[in-house]
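Please open the structure in your viewer and keep the sequence beside it, so that each selection can be found in both. The tour below moves from one selection to the next and says what is there at each stop.

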Amino acid sequence: QVALVESGGGLVQAGGSLRLSCAGSGRTFSNYAMGWFRQAPGKDREFVAAQNRNGGNTLYADPVKGRFTISRDNAKNTVYLQMNSLKPEDTAVYYCAAASPTVWPSELTLPGKYGYWGQGTQVTVSS
């Protein structure tokens with residue numbers, strides 16, 4: 001079992017950058033694939049990025065490719081989302097999530113494959 005806490009959200013102007021962090025508890029953090037999702041008002045939760053447990057395999061949603069980078073530091077039980085060139089359409093609550101290592105990499109885009117979620121952190125990008 002793992003508990004997740006996001007931080008690093010805030011208000012930023014378009015074109016700016018933010019780095020989100022997600023701290024996990026428990027000694028088995030490194031066993032989990034990790035993902036970032038976001039949810040804007042009135043919209044479904046959508047996939048942003050994911051990384052397998054050793055950081056060797058990453059996935060990105062098309063709208064964030066080339067702008068966002070997911071990384072993890074298993075020694076610190078933390079996963080990061082570096083967000084550059086932010087756009088107003090990136091405004092949302094961002095959630096990190098942990099998936100069992102038995103989930104296929106191609107399934108890491110699916111929210112239902114994640115068993116543990118953080119509480120979310122708000123990111124607002126002004127135009």
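Is cysteine 96 buried or exposed? Select cysteine 96 and show its surface: the model in front of you is a predicted one, and in it cysteine 96 has a relative accessibility of 0%, so this residue counts as buried.

**The disulfide**

Keep cysteine 96 selected and add cysteine 22, since a disulfide joins the two, with 1.9 Å from S to S. The structure holds 1 disulfide, and the pair ties together parts that are 74 residues apart in sequence, because cysteine 22 lies in strand 3 (residues 18-24) and cysteine 96 in strand 9 (residues 92-99). If you look along the S-S bond of cysteine 22 and cysteine 96, the torsion about that bond is about 50°, so the disulfide is right-handed. Cysteine 22 also has 0% relative accessibility and therefore counts as buried, the cut-off being under 20%.

**Strand 3 and its partners**

Next, select the whole of strand 3, which is mostly covered, with 5 of its 7 residues buried. Add strand 1 (residues 4-7), which runs antiparallel to strand 3 and is joined to it by 4 bridges; within this pairing, valine 5 has alanine 23 of strand 3 as its bridge partner. Then add strand 8 (residues 78-83), which pairs with strand 3 in the antiparallel sense over 6 bridges.

Now narrow the selection to leucine 18, which lies in strand 3 and stands opposite methionine 83 in strand 8. Leucine 18 has a relative accessible area of 15%, which is under the 20% cut-off, so this residue is buried. Which residues beyond its neighbours within four places in sequence is leucine 18 in contact with? They are Gly8, Gly10, Val12, Leu81, Gln82, Met83, Leu86 and Val123. One of these contacts, glutamine 82, is 64 residues from leucine 18 in sequence, yet the two are 6.2 Å apart in space when taken from C-alpha to C-alpha.

**The aromatic rings**

Clear the selection and show the aromatic side chains, among which there are 6 aromatic pairs. Begin with phenylalanine 37 and phenylalanine 47, whose rings form an edge-to-face pair, 5.7 Å centre to centre and with 70° between the planes. Phenylalanine 37 lies in strand 4 (residues 33-39) and phenylalanine 47 in strand 5 (residues 46-51), so this pair ties together parts that are 10 residues apart in sequence. Phenylalanine 37 counts as buried at 0% relative accessibility, and phenylalanine 47 counts as buried at 12%.

Keep phenylalanine 37 and add tryptophan 117: the ring centres of these two residues are 5.1 Å apart and their planes are at 55°, so the pair is tilted. Because phenylalanine 37 lies in strand 4 and tryptophan 117 in strand 10 (residues 114-117), the pair ties together parts that are 80 residues apart in sequence. Tryptophan 117 counts as partly exposed, at 27% relative accessibility.

To see the wider arrangement, select Phe37, Phe47, Tyr95, Tyr114 and Trp117 together, which ring pairs link into a cluster.

**A charge over the rings**

For the last stop, add arginine 45 to that selection and look at its charged end, which sits over the ring of tyrosine 95 at 3.8 Å from the ring centre. The charged end of arginine 45 also sits over the ring of tryptophan 117, here at 4.7 Å from the centre.

Note on methods: Residues are numbered from 1 along each chain as its sequence is written. Side-chain values use heavy atoms; hydrogens and water are left out. A disulfide is a pair of cysteine sulfur atoms within 2.5 Å. Helices (H or I, at least four residues) and strands (E, at least two) are DSSP runs, numbered from the N terminus. Buried means under 20% relative accessible area, exposed over 50%, partly exposed in between (1.4 Å probe, protein chains only). Contact means heavy atoms within 4.5 Å. Two strands pair if DSSP finds at least two bridges between them. Rings of Phe, Tyr and Trp (its six-membered ring) pair if their centres lie within 6.5 Å; planes under 30 degrees apart count as stacked, over 60 as edge-to-face and the rest as tilted. A charge sits over a ring if NZ of Lys or CZ of Arg is within 6 Å of the ring centre and within 35 degrees of the ring normal.
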